[in-house]
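Student: Hi! Could you walk me through this protein while I have it open?
Tutor: Happy to, just ask as you go.
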Amino acid sequence: MKKSRLVLAAVTAGAVAMATSPLLAALGGTPQTTSLPISASIAARCTVSAAGIAFGAYDPTANSDQNGSITIQCTKGTAATISLDEGAAPAGRQMAGPGTDTLTYELYSDVAGGTIWGSGSGGSTVAYNPTTSAPSTLTVFGRIPLGQNNAGVGAYADTVTVTVTF
């Protein structure tokens, strides 16, 4: 009887050792554990839209000031710069009118007649560093300066490209 208890105890101890051994775990024993890596990334992204400037009827005896806007939305922490090109005219911001007539105008980032909003080579760009991912609306201040007496009757227009670099 003592021999059978001793053999049973040895078999039980061996079975317990095998069940907890790394070799048995590698062969599909239970429990099995592993790590599950979790990761994500957020890419820098911006979208932009604009509401134009309609100056209306120009009076050459006074500055004509009107505002437009740029709405920008970037992922939080995306540092961006906003630039405005010179428009379609080859030499500065000019709206084309009838024949060869033009109206000179300018765009500003702070107030009409203030800091020219340009592309960096002509005027300053505007830095944008969002602290949230919510959209922001920036005012574009426009001015047609007084004294443009050589412009004839008719409609005048130009298109400026807004560029967001991030």
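Student: Is Arg93 buried or exposed?
Tutor: Arg93 is buried, with a relative accessible area of 2%. Keep in mind that this is a predicted model.
Student: Which residue does Arg93 form a salt bridge with?
Tutor: Its partner is Glu106, and the N to O distance between the two side chains is 2.5 Å. In general, side chains of opposite charge can pair when their charged atoms come close.
Student: And where do Glu106 and Arg93 sit along the chain?
Tutor: Glu106 is in strand 6, which covers residues 106-108. Arg93 is in the loop between strand 3 (80-84) and strand 4 (94-96), so the pair links distant parts of the chain, 13 residues apart.
Student: Why does Glu106 count as buried?
Tutor: Because its relative accessibility is 17%, and buried means under 20%.
Student: How many salt bridges turn up in the whole structure?
Tutor: A search of the whole structure finds two. Besides the pair of Glu106 and Arg93, Asp65 forms a salt bridge with Arg143, with the closest N and O atoms 2.7 Å apart.
Student: Why does the pair of Asp65 and Arg143 tie together separate parts?
Tutor: Because Asp65 lies in strand 2 while Arg143 lies in strand 8 (residues 136-144), the salt bridge ties together parts that are 78 residues apart in sequence.
Student: How accessible is Asp65?
Tutor: Asp65 is partly exposed, at a relative accessible area of 35%.
Student: What about Ser64, where is that one found?
Tutor: Ser64 is found in strand 2 as well. With 10% relative accessibility, Ser64 counts as buried.
Student: Which residues does Ser64 touch?
Tutor: Leaving out residues up to four places away in sequence, Ser64 touches Phe55, Tyr58, Gly142, Arg143 and Ile144. You'll recognise Arg143 as the salt-bridge partner of Asp65.
Student: Let's zoom out. How many helices and strands does the protein chain have?
Tutor: There are two helices and nine strands. Along the sequence, the pattern reads α-α-β-β-β-β-β-β-β-β-β.
Student: How much of the protein chain is buried?
Tutor: Of the 166 residues in the protein chain, 23% are buried. The accessible surface of the chain comes to about 10900 Å², and 60% of that belongs to carbon and sulfur atoms.
Student: What share of the contacts join residues at least 24 apart?
Tutor: That share is 75%, among contacts between residues at least 6 apart in sequence.
Student: New topic: pockets! How much space lies in the largest pocket?
Tutor: About 340 Å³. The largest pocket is lined by 19 residues, and the closest to its centre are Gly52, Ile53, Leu107, Asp158 and Val160.
Student: Which strand gives the most to that lining?
Tutor: Strand 2 does, with three residues. Strand 1 (46-51) and strand 2 (64-74) each supply at least two residues.
Student: How do the lining residues of the largest pocket divide up?
Tutor: They divide into 14 nonpolar, four polar and one charged.
Student: And what volume does the second largest pocket have?
Tutor: The second largest pocket has a volume of about 220 Å³. Of the 14 residues that line it, Gly56, Tyr58, Leu103, Gly154 and Tyr156 are the closest to its centre. By class, its lining has nine nonpolar, five polar and no charged residues.
Student: Tyr58 came up earlier, didn't we meet it somewhere?
Tutor: Yes, Tyr58 is one of the residues that Ser64 touches.

Note on methods. Residues numbered from 1 in each chain as written. Predicted model: local features only at pLDDT ≥ 70, side-chain atom pairs only at ≥ 80, totals over all residues. Heavy atoms only, no water. 1 Å grid on protein atoms, 1.4 Å probe; cavity = no way out; pocket = protein on both sides within 12 Å on 5 of 7 lines; lining within 4 Å. Points joined across faces, edges and corners; volume = space filled by probe spheres on them. Helix = DSSP H or I, 4+ residues; strand = E, 2+ residues; numbered from the N terminus. Nonpolar A, V, L, I, M, F, W, Y, C, P; charged D, E, K, R; others polar. Salt bridge = Lys/Arg side-chain N within 4 Å of Asp/Glu carboxyl O. Buried < 20%, exposed > 50% of the residue type's maximum accessible area, 1.4 Å probe, protein only. Contact = heavy atoms within 4.5 Å. Areas by Shrake-Rupley, 256 points an atom, 1.4 Å probe, with all protein chains shown as cover.
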